[in-house]
Amino acid sequence: MSATLTKSAPTPGAGGGTPGRGAAVRGALGGALRSREIAVAVVLLVVVAVATVRNDSFLLSADGWRDLLLTPSILLLLAAGQMMVIVTRSVDLSVGSTMALTAYLTGRLFIDVPGIPIIVVVLAGVALGAVLGLVNGVLVAYGQVPALVITLGTMYVYRGIMLTWAGSDRINAGDMPSGFLALGTKQVLTIPLLTIVAVAVVAVVGYYLHTARSGRELYAIGSDPDAAKLYGLKVPTRVLTAFVLCGALAGLAGVVHAARYGTVSSGVGNGIELQAVGAAVIGGVAIFGGSGTVWGAAIGAVLLVTINRALPILGIPDFWQRAVVGALILGAVVLDRVLALRQSRKYDEEREG
Amino acid sequence: MKFHSKRATTLVALTLAASAALTACGGDDGGSGGGGGDDATITFLPKNLGNPYFDASSTGGQNAVDAFGGSFEEVGPTEATPDAQVPFINTAAQQGVGALVISANDPTALGDALEEARDAGVKVVTFDSDVDAEYRDVFINQASAEGIAKAQVDLVAEQIGGEGEVAILSAAANATNQNAWIDLMEEELAASYPDIELVETVYGDDDDQTSFDKTAALLQTHPNLKGIISPTTVGIAAAARYLSTSDFKGQVALTGLGTPDQMRPFIEDGTVTAFALWNPEELGYLAAYAAHALIDGDITGEEGDTFEAGDLGEYTVGENGEVILGEPTVFNADNIDDFSF
Amino acid sequence: MSASTPTKTPLTKRPAGGGDGTARTYASYARPAWQRLLLTRETAIIALLVVVLVWANVNVPNFDGPLTVYYLFLDLMPILLIALPMTLIIITGEIDLSVASTVALTSAFTGVLFTDAGFSFPVAALAAIAIGAVCGAFNGFLVGYVGLPSLAVTIGTLALYRGIAVGLLGTEAKTGFPDEWADRVTDRIGETSYPQGLVVFLVLAVVFALLLHFSSFGRGVFEIGLNDEAARFSGVDVARTKLVLFMLAGAVSGLAGVYYTLRFDLSRGDSATGMELQVIAAVLLGGVSIFGGRGALHGVIAGVLLIGVIASAMRLEGQTQNVTNIVTGVLLIASVIIPRLLSWASGRLPRRTRGDT
């Protein structure tokens, strides 16, 4: 038995036989092509290409280029945070409400504390998001109650708090300093500042998950919580950290929203939590936890937003956007399942020689 | 055994927790005035809350109610949809308020709820956006629909030189008033400006972010667009904000119905040249007085009825129970600093 | 888990309302029947409902008017209807987030078929309900036969069905449905304050109660909730059961969609947004465990009514919707946290965790 196991080292893409240079290249290509992230990125490029062919101002005009990069920045942050929580086999449905609260806080700070430095406001938003995430995390990690229920409840509660605090006031663009609003469209070498921030955050999260021990432990916890506990990992602390980070990123997303859109009304972030989960799922993050990369979630987020913006250009009334998103999510989940089945069948075959 | 006490404790704990929550809520008098209506209460129900236009009209309503000594309440949903307005109409009926002053999100969907309210003795006044005449007593219209449509069409035609492509950024797809104006605008364009082509009408649902994104999509989809008309204050504010950071600023004319306070920065930076509106405070003020007259029995909504409206003078009910406030005002760089609402 | 010897209770018998999140043990039968039946989470919710009703009647102005009950049931009807199949789905350990989108989709189809295609209303409504069942069957197929996690699938179909509904109608709404049908649903029963549509709900409630608590199908539902594999080995067709449950959810959502259309005389693509969460909140409040394996319909109905009564009382007090949302959220969190706290306090924390989703 063991002899067969060591002999047949699986070369992805190679049909069998002696591995030569051609097979190695094919192997690497196959591995890359099989990579979910690359596949989603390819789909994204195809969408952009088709839209640009139809109307080249989609990509090739200053506005188009800027909007293409800028509009997904909010969902990027949310998807990155959501992805960390999903990897630990949880979910956070309260991010939309968190975003609304911090966006409103941003406006309120600017109105009530004239001359407050922008960086303080950003930090305040992130801090508030982290606190809200902490509440979720404590209840989920230590209460051992399903995250779905808890975050469902906090979604209601946080939104209710925001509405009560705001009353029927809105924050208008005139209330915020023009320097802050300018951040919303400022570009560095034609790349919008907010996008740079979002991508930087995603990179940091990716690095953390890939290299830091506590980051990698998140994957372990998601793959098999019982085994992780037996192994001695501090499961509640890690899960708590994931929720705090998710909340912090949602807080940052709220500040970004205020900068980008300039007004904060009561409907901010309504329904965006499911988009964040969808983006992660499309990007290859398994809903049952344990696998997926933040890059996949990020590309998934960009794809979702870009499809929304490309539909009117392709002549499809953007009313159909949600249907397209739904079909994509279903397709991603089915694809994951089919691939997993094939993989386990392949392992079975190899095991049987 | 632990079992018994655990169950019992669950029972008690849940009850206590909920009672605590309820007492907390019952104690603090949040919301908009603490429930309980009687004949002197006038409840304002705008299309949605958080809309500066309706904030102004409610201020006017409050002023009127204070003047004639009634009690004022404002309620409303956060999204501008008809099914979100129905529960508030129901509540007004349950409370038996004197009158309900409503700007409707749909001409017929609210009919059943309004009939129930009228059966319960509540007078129904519509303002800004009407329902079918059979469901209400009086409609306070800000200006004649033809006047509003013509003003906007003339403004955009003037700004684009009489020819080119235009688009409309409206509110909700079923909104009575916007749809009435859009129909008349299309007629006016066909009649007076045959060289102007209306390429698309998009709906921003009176939501700021949606209107913002829809403006971006419009500009992208129609590269030859010369003008945008937005007959809703939320839409024009969002469109102006997008336009002012876009390459199209100055190339695409933006006009429609906007409040001076929201549009002032965009007049100053040149994104918008001129737009129109009336005074929503006066509209709310007049609506409240009409409601008061209905409650007192001074008028019944018949054509020819007259009533006093405080500082605004005397008004006569016209055809179909409609009362017209006046003519729309055009705002531009010359006069925008004279107004503050 | 339990040290007591099993009594003569046969293996297949399930107590009607027992358990509190722990696996059912034979120790349950060591208590007298009245305690088994009454000291349950369902009774706690029913008691809470009574307390709130009494408090509201006394303290909230106009609550005791005749319109209150009428509007209460009119508003709650879709949630009451959908809570019935949702209870069964959650008892099997799955979840269905797409119900509100199915409501919108069937409402949209009713509108399109009636207004645009000119079918008579009953035909349009029946076709729409059938479409709802198809939507549910699609969910059920993916969850039961392909084996996908229901959270992911129903998040996808939530977007897909809502997307089709909005795609069909745009943001325009269809109105103008026949009054006689609307009246059949919203008119009062005789002189009482109950709308006639309530009869439909009561019939369905009885059917579902029989299905869940008094049939072998229902026992299968509980068993799947406790352990998929064990249920399969004891002869329950797990895949088919799940398929049937999701189809029922889809069909009942379709019915709720038709009701919604008639009640508001409106067919819109964005109707009933967020309703799925209200249904789930009510079901969980009613004592159904999110882990599956326990729950009862009377608790769920009480849960729905509780949320409705609180919302109604708040509105009459002049509180805005947000306060109601806060209270609903807090109740929901409390209803899952408090039993855990108590278990922890008495040192009997249950072993079962099905992950955190």
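What pLDDT does chain B average, and what percentage of the residues score at least 70? Chain B averages a pLDDT (the predictor's confidence in each residue, from 0 to 100) of 83, and 89% of the residues score at least 70.

This is a predicted model, in which local features need pLDDT of at least 70, side-chain atom pairs count only at pLDDT 80 or more, and totals for chains, interfaces and linings use all residues. Residues are numbered from 1 along each chain as its sequence is written, and chains are lettered from A in the order in which they are written.

The extremes of confidence in chain B are tabulated below; helices (H or I, at least four residues) and strands (E, at least two) are DSSP runs, numbered from the N terminus.

| Element of chain B | Residues | Mean pLDDT |
|---|---|---|
| helix α1, lowest | residues 2–27 | 49 |
| strand β3, highest | residues 99–102 | 94 |

Over residues 21–36 of chain B the pLDDT is below 50, yet this stretch has 33 contacts beyond near neighbours in sequence. Two residues are in contact if their C-beta atoms, placed from the backbone, lie within 7 Å.

Between chains C and A, 41 residues of chain C are in contact with 45 residues of chain A. On the chain C side, α6 (150–169), α12 (275–285) and α14 (321–345) each supply at least two residues, and α6(C) gives the most, with 14 residues. That side divides into 24 nonpolar, 14 polar and three charged residues; Ala, Val, Leu, Ile, Met, Phe, Trp, Tyr, Cys and Pro count as nonpolar, Asp, Glu, Lys and Arg as charged, and the others, Gly among them, as polar.
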